[in-house]
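Okay, thanks everyone for coming. Let me put the structure up, and then we can walk through the sheet and the cores.

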Amino acid sequence: MTGHSNTIEQTQATMDDLSSLQMFGNDHEVTLVDVLTQLAYRKWLIAKVTGAAALISLVLCFVLPVRYTATTRIMPPQQTQSTAAMLMMSQLANAGGGSMAALAAGGLGLKNPNDIYVGLLTSRPIADAIIQKFNLAQEYHASDMTQARKKLAEFTDVTSEKNGFIAISVKDTDKKRVAEMANTYTDELRLLTKSLAVTEAAQRRLFYEDQLKQAKEALVGAALTFQHVQQQKGLVQLDAQAKVMIESRAALQAKAAAKQVEIQAMRSYSTEQNPEIQLAEKELASLEGQVSSMERQNRTPGIGGLGLESVPSAGLEYLRAEHELQYQQALYDMLMKQYDAARLDESKDAVIIQVVEPAIEPDRKTSPKRTMLVTLSTIVGLLAGCILALILWWRELMQFDPVATTQLAELRSAITGRKAARA
């Protein structure tokens, strides 16, 4: 009886297919009822595909490794107003620049400090330290350190949050180790920042250290040259006017050079929209204008633009050497003041990494999410079964439609590059 009933169902399905073909021949559109009917005829096929997808997802739930996520949140050092910035706003307020002083007080256009610390946390030194401490190369079955770093980067997420904190999230199969790894990022960041200048004041201090070394070498060279000229030419007596002109020009040139160095230092940690840079550029333009004006005061340049036409030619070399010595001395003194100000700012702006929320052992696993995986796989299996059933129905209909068969043959020939045989 069972075989007889199956034969009846198959015969009924074939008759329905033929009736559908007849409807196609009469330009009858396929309705939703037709589709649902064909899906109902093939319900066991759909059930098998859906069950297979659900079974595969269940196997994956037990095969995939269980991972936990631990997160620690830190508050990086905040940028504070430097001594130079406060002096600048004081000068603006005294000069009546109230609006520009308010702009400077509101923000000096400094780069986001969180981006610096996010870059440090994702740097190679910190990654290598964590890999070696927890033996992650063996845990990840990595062939070398490069592959281990890539694996660690996949399981680590460092983000700068809107509230100003930096969140460090780590995934691992061991709930105790994952919390230790997240907290180790903070410890390694402290060690790394001890050897790096990441604050604005520290960057300025390092910049002025290098400039001071160069200025000191130039000052020593100018002093030796002046001493050598003195030994050769003897002491040259200058009148008061010539001496004042030499000192004034040397001091003015030194101020302009120091201002250029100051602008270069600010550009190393700030943007062009910083009002402090804009003010320094205006001051530099003013100083350069004063230097040019001093050069134009005397039509006869004399000693390298000093405008001393009354000085005997025998003392020109002496005066050049003295001018260079005074210039280098004034420049060195100004750079030393900037260096002392940067050191003072650095002492007030020490790098302090504050842990707001240390990582703890997670109570629940992060992946795999078994309920979601089984549900999605079942839905995908159901859709795949329905699509397969409709494809089978379409293939059966094509066997009884000569026009569709010819079109299908042409499509195959276009794909394979072979010519289809025409009747």
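**The sheet and what packs around it**

So, let's start with one pair: Thr-69 has Lys-171 in strand 3 as its bridge partner. Keep in mind that this is a predicted model. That bridge belongs with the pairing of strand 1, residues 68-75, and strand 3, residues 166-172, which run antiparallel to each other over seven bridges.

Zoom out a bit, and you get an open sheet of four strands, with antiparallel pairing, in the order 2-3-1-4. Who sits at the edges? Strand 2 (156-160) and strand 4 (354-357) do, and each has a single partner strand, so one side of each has no neighbour in the sheet. From one strand to the next, the twist averages 25°.

Now, on to helix 6, residues 113-121. This helix packs on the sheet and touches strand 1, strand 2 and strand 3. Its direction makes about 20° with that of strand 3.

Okay, the cores. The largest nonpolar core has 31 residues, and Leu-121 and Leu-152 are the ones touching the most other members. Which elements give two or more residues to this core? Strand 1, helix 6, helix 7 (124-134), helix 9 (145-154), strand 3 and helix 10 (175-194). Helix 10 gives the largest share, seven residues.

Look at Leu-152 for a second: leaving out residues up to four places away in sequence, its contacts are Ala-127, Ile-130, Ile-131, Leu-136, Tyr-140, Met-181 and Tyr-185.

And there's another core lying apart from that one, with 17 residues, including Leu-219, Ala-258, Val-261 and Tyr-339. That's it from me!

Key
Residues are numbered from 1 along each chain as its sequence is written. This is a predicted model: local features need pLDDT of at least 70, side-chain atom pairs count only at pLDDT 80 or more; totals for chains, interfaces and linings use all residues. Side-chain values use heavy atoms; hydrogens and water are left out. Two strands pair if DSSP finds at least two bridges between them. Axes are lines fitted to C-alpha atoms, for helices over the stretch in contact, and angles run from 0 to 180 degrees between N-to-C directions. Contact means heavy atoms within 4.5 Å. A nonpolar core is a set of buried Ala, Val, Leu, Ile, Met, Phe, Trp, Tyr and Cys residues joined through side-chain atoms within 4.5 Å. Buried means under 20% relative accessible area, exposed over 50%, partly exposed in between (1.4 Å probe, protein chains only).
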